[in-house]
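Dear colleague,

Please find the structure below, together with a short account of what was found in it. I should be grateful if you would read the two side by side.

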Amino acid sequence: MNVSSQHFCEIGKYYHHYCTDGEPEAQETKEPRACIRFKCALTNTILDILRRRPGWVEVKEEGEWDFYWCDVSWLRENFDHTYMDEHVRICHFRNHYELTRKNYIVKNLKRFRKQIEREAGKLEATKCDFFPKTFEMPSEYHLFVEEFRKNPGITWIMKPVARSQGRGIFLFRKLKDVIDWRKDGVRTDDQKDETQVENYVAQCYIENPYLIGGRKFDLRVYVLVMSYIPLKAWLYRDGFARFSNTRFTLSSIDDHYVHLTNVAVQKTAPDYDPEKGCKWMIQRFRQYLTAKHGAEVVETLFAEMDNIFIKSLQSVQKVIISDKHCFELYGYDILIDQDLKPWLLEVNASPSLTASSQEDYELKCRLLKDTLHIVDMEGRLTGKEKRIGGFDLMWNDGPVSRAEGNVDTPVNGSFMANTHLGTSLIRRWQGIPLKVFNCLRHHQKCKTYFSLKSKRTGCELSHSASRVLYSCEAKCEGVNIFQLWCVKS
Amino acid sequence: MMLEQDTGLSLAIAQIVQRLKGSSLHSQLERQARGSLHKPEIKLESLKEDIKEFLKTSGWEKRLQNAVYSELNVFPSPCHPAAPPEHMKEPLVYMRKAQGSWEKRILKSLNSMCTELSIPLARKRPIGEQKELLNKWSEMGTDEPDLTLFRPVYAPKDFLEVLMNLRNPNYEHGDQPSFRNHLGLIQVPLKVKDIPELKDYFSELGLNTGQLGIDDSTQVPPELFENEHVRVGQTVLTEQDSAAAQQYVRQGCPTALRAELWALILNISNQPEDILYYEQLKSNVIQHDLLVDSLIYKDVKLTASNDDYYFVFEDYLYQVLLCFSRDTSILEHFSYNSATPPKSYIRGKLGMEEYAVFYPPNGVIPFHGFSMYVAPLCFLYHEPSKLYQIFREMYVRFFFRLHSISSHPSGIVSLCLLFETLLQTHLPQLFYHLREIGAQPLRISFKWMVRAFSGYLATDQLLLLWDRILGYNSLEILAVLAAAVFAFRAVNLMEVTSLAAAEAVLADLSTLKVMPLLQIFLFATVT
């Protein structure tokens with residue numbers, strides 16, 4: 001197969017057409033670019049992405065900023081008395097905890113469910129039954145005891161409302177365990193430092209999770225909310241299934257490591273092997289289920305997950321302060337049980353952006369890049385898009401249809417939701433500047449190269465001189481058989 | 001001429017009848033026929049015809065057809081009636097000899113490991129240990145035995161060295177290798193197909209035929225091909241026709257139908273007696289510990305457990321492979337495998353045939369990477385006994401050819417030669433360049449082919465590839481794909497200057513899409 005430079009010219013057109021992910025065409029036409037000043041509270045993947053974004057400049061401590069990837073503690077202390085210009089964007093909603101704290105989401109969902117029951121009847125209200133029965137402690141202790149007595153023998157899980165990463169959680173089956181725990185002044189080691197009494201929730205533990213290879217897993221899915229009023233939410237096609245390292249059995253309730261599947265807890269398990277990677281990309285998970293249960297069953301499951309995302313957001317729509325400066329990228333944790341019913345475990349306002357492997361890093365890079373495209377500080381979007389990068393517009397003050405056309409196109413025929421979780425991601429070429437591409441025509445002049453660090457062998461070749469050749473496989477839509485060279489000077 | 005054809009056909013028929021006689025299908029058919037006598041439509045005057053009709057309408061004839069088809073696929077056609085049985089294993093003497101000496105080497109290696117570690121080849125487990133293993137049966141992956149002293153008996157590259165040294169004593173090579181001769185590592189004159197023949201052979205992969213792996217991608221409207229293809233697949237499954245299924249999967253299997261289609265082609269129906277057989281094997285594992293078990297453990301821990309996607313199935317791999325090594329029904333395949341199962345003697349009775357046993361009981365010694373044959377199947381089959389049977393059938397039809405020396409067109413020797421010939425004929429500059437820098441292409445592609453690309457390609461792509469292996473009942477597609485991969489990365493490879501650099505260019509295949517690669521190589525290359 002002879003790939004000539006003429007070939008590259010054709011690919012150039014192909015590339016040009018597809019690569020609209022923010023690379024500065026302005027560099028070619030020499031328009032003046034306003035630079036976007038950003039601040040970032042984290043030092044992981046998001047910082048890499050922000051630094052690499054063309055035209056974005058990091059500001060020092062006290063400088064003015066147009067964009068802040070903040071953490072929630074800063075938000076809590078400063079949001080209320082920080083003035084922001086209209087164009088400024090920040091990555092959290094003021095009272096996101098209505099969705100993310102375990103006791104608040106329960107309250108909001110219960111209230112929302114009642115509202116639906118009043119307005120649309122009992123059957124419709126059952127669509128909200130995706131959250132395992134939960135009781136706030138200590139305020140709902142007596143309600144909990146009543147429920148507990150009604151269902152003897154089932155397992156319950158006690159979770160602190162505010163902590164994440166699996167800390168301070170335990171399982172129990174006997175009321176005695178709870179009573180002891182209540183009387184116990186010392187709850188856990190690290191709680192000794194807490195000044196206030198921490199709230200807990202008691203939640204029904206899902207005893208029949210779906211197992212793959214005998215292991216329990218949960219799904220991490222990303223949802224980007226651009227505003228609550230009106231509700232505009234995007235669903236990311238990529239995500240992953242996180243596996244427990246040990247085999248599932250109910251007999252060892254005390255084995256912290258079996259039941260909690262958060263990667264953070266897995267990392268401290270005695271047999272955790274970081275090289276192993278306990279994650280499957282969600283595409284692989286979807287294919288596995290399709291091979292096992294057929295496409296229709298899987299469609300139903302994913303439609304039920306869509307329902308979870310939308311209902312949970314609707315339930316807090318009226319309480320969250322929908323500031324136009326705010327957007328938020330949520331990490332939803334979903335557990336599937338053996339009847340293929342999805343359950344919402346929790347929603348994270350600060351999903352982990354630290355990468356656990358090369359593949360994970362690439363996923364998070366794409367996720368964050370596409371998030372920034374949607375935030376659109378550069379003002380390039382028309383507002384009518386239904387898909388940007390790996391995000392599909394799931395809700396735009398109403399359901400969004402998968403049919404051809406943009407948001408405004410009227411829908412004919414049956415409605416299919418515009419969500420594609422776990423289907424093949426249409427990848428964009430990983431943003432190499434146009435200037436670089438022009439050098440391809442002169443590729444014969446390039447003498448040295450190194451290949452991208454192979455994820456399997458991890459070997460890198462040495463390169464010399466300032467001209468380096470990258471080879472990449474352009475994974476563009478559909479059949480792509482062209483291999484392209486890029487030169488970085 | 002006609003007479004020979006007739007005798008050939010009747011010989012084949014006789015052999016198949018022989019093999020099916022006494023099988024469970026035979027007794028089931030008899031039972032069904034006998035049971036049908038009660039039916040009103042069976043009349044005494046036309047007994048034979050009526051029973052035949054009944055068997056047809058109740059689907060039993062189809063099952064018989066499938067069984068016959070299966071036999072035809074698996075067993076080679078009988079050669080001359082006067083040919084000795086070794087000819088069915090391998091007609092060429094020098095190949096048989098080479099296989100024999102390779103086997104001696106493996107056994108020596110195994111025996112020396114045994115003596116070094118003073119571990120018996122087999123021992124009966126004490127009751128306590130048996131109980132423990134039974135409890136832990138579905139989570140053997142949690143076990144962490146000390147395997148540091150065990151080494152795999154051999155790795156693919158050792159096998160490659162043997163293949164490189166194969167020579168036909170009757171063949172005159174001439175003085176110097178030149179462009180007229182073969183530049184590659186394999187130097188035996190076997191007949192391999194060239195591209196026009198491959199185009200013909202793999203005609204269903206052509207540019208004008210719909211394929212899964214190409215025509216089901218996101219922006220091709222499913223009405224154009226995918227929907228109809230799925231419909232046809234469902235029809236094939238309802239009809240339960242093996243031959244039709246084999247033809248169908250040449251264009252790829254829809255994900256939801258793949259498990260059933262493969263089971264249909266391999267003629268696996270998971271009857272109660274099959275489940276019982278598996279349970280029997282399981283109890284064999286519980287009762288006795290074999291040295292090869294440790295080799296299997298080590299292999300799984302080294303390969304599948306470290307794979308990003310297959311690590312989840314670790315437990316299944318033990319459940320399949322440990323039973324596999326005790327399955328004596330596998331010994332049957334040695335009648336058409338050039339390999340011979342190793343024999344071991346009860347302690348102190350060396351050389352006495354009455355005390356000889358095959359070791360391991362199935363006659364197959366695992367090598368480094370063996371567990372990767374099973375791992376992709378875990379994606380499709382979740383019930384251990386069915387998974388086991390599918391794997392066993394895949395092994396005795398295909399995988400065994402990848403690590404035994406034979407002249408069969410799907411044997412590893414022919415695949416290597418096919419790969420090298422394709423590369424030398426169609427990318428001579430690349431081949432020459434790689435050879436000059438000491439990076440013989442086969443050194444890199446050998447491990448892909450020995451493992452049937454398992455662990456190198458993304459799972460969905462691998463399954464699409466294995467669809468075609470089943471569809472064409474041949475492994476030649478592995479060699480074609482290997483050549484296609486080299487062709488795809490030819491431009492990079494022309495720039496490298498060492499074997500290590502070439503390895504690096506070809507280290508990561510997980511992003512490749514196999515069907516477009518195959519199509520381009522076969523149908524879009526100018527010959």
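**Findings**

B:Leu9, B:Ile13 and B:Val17 make up a nonpolar surface patch whose joint accessible area is about 270 Å². Patches consist of residues with over 30% relative accessible area and no salt bridge, nonpolar side chains (Val, Leu, Ile, Met, Phe, Trp, Tyr) being joined within 5 Å and like charges within 9 Å; a salt bridge is a side-chain nitrogen of Lys or Arg within 4 Å of a carboxyl oxygen of Asp or Glu. Areas are Shrake-Rupley values with a 1.4 Å probe, and for residues only the protein chains shown count as cover. B:Leu9 belongs to helix 1 (residues 2-20) of chain B and counts as exposed because its relative accessibility is 54% (exposed is over 50%, buried under 20%, partly exposed in between; 1.4 Å probe, protein chains only).

The model is predicted: local features need pLDDT of at least 70, side-chain atom pairs pLDDT 80 or more, while totals for chains, interfaces and linings use all residues. Residues are numbered from 1 along each chain as its sequence is written, chains are lettered from A and ligands numbered from 1 in written order, and side-chain values use heavy atoms, without hydrogens and water.

Chain A has 15 helices and 18 strands (DSSP runs numbered from the N terminus: H or I, at least four residues; E, at least two). Of its 489 residues, 52% are buried.

In chain A, strand 13 (residues 328-336) pairs antiparallel with strand 14 over six bridges (pairing needs at least two DSSP bridges). A:Leu335 lies opposite A:Trp343 of strand 14. Five residues separate the two strands of this hairpin, and A:Leu340 in the turn has a positive phi of about 60 degrees. Strand 14 (residues 342-348) of chain A is largely enclosed by the rest of the structure, because seven of its seven residues are buried.

With kind regards
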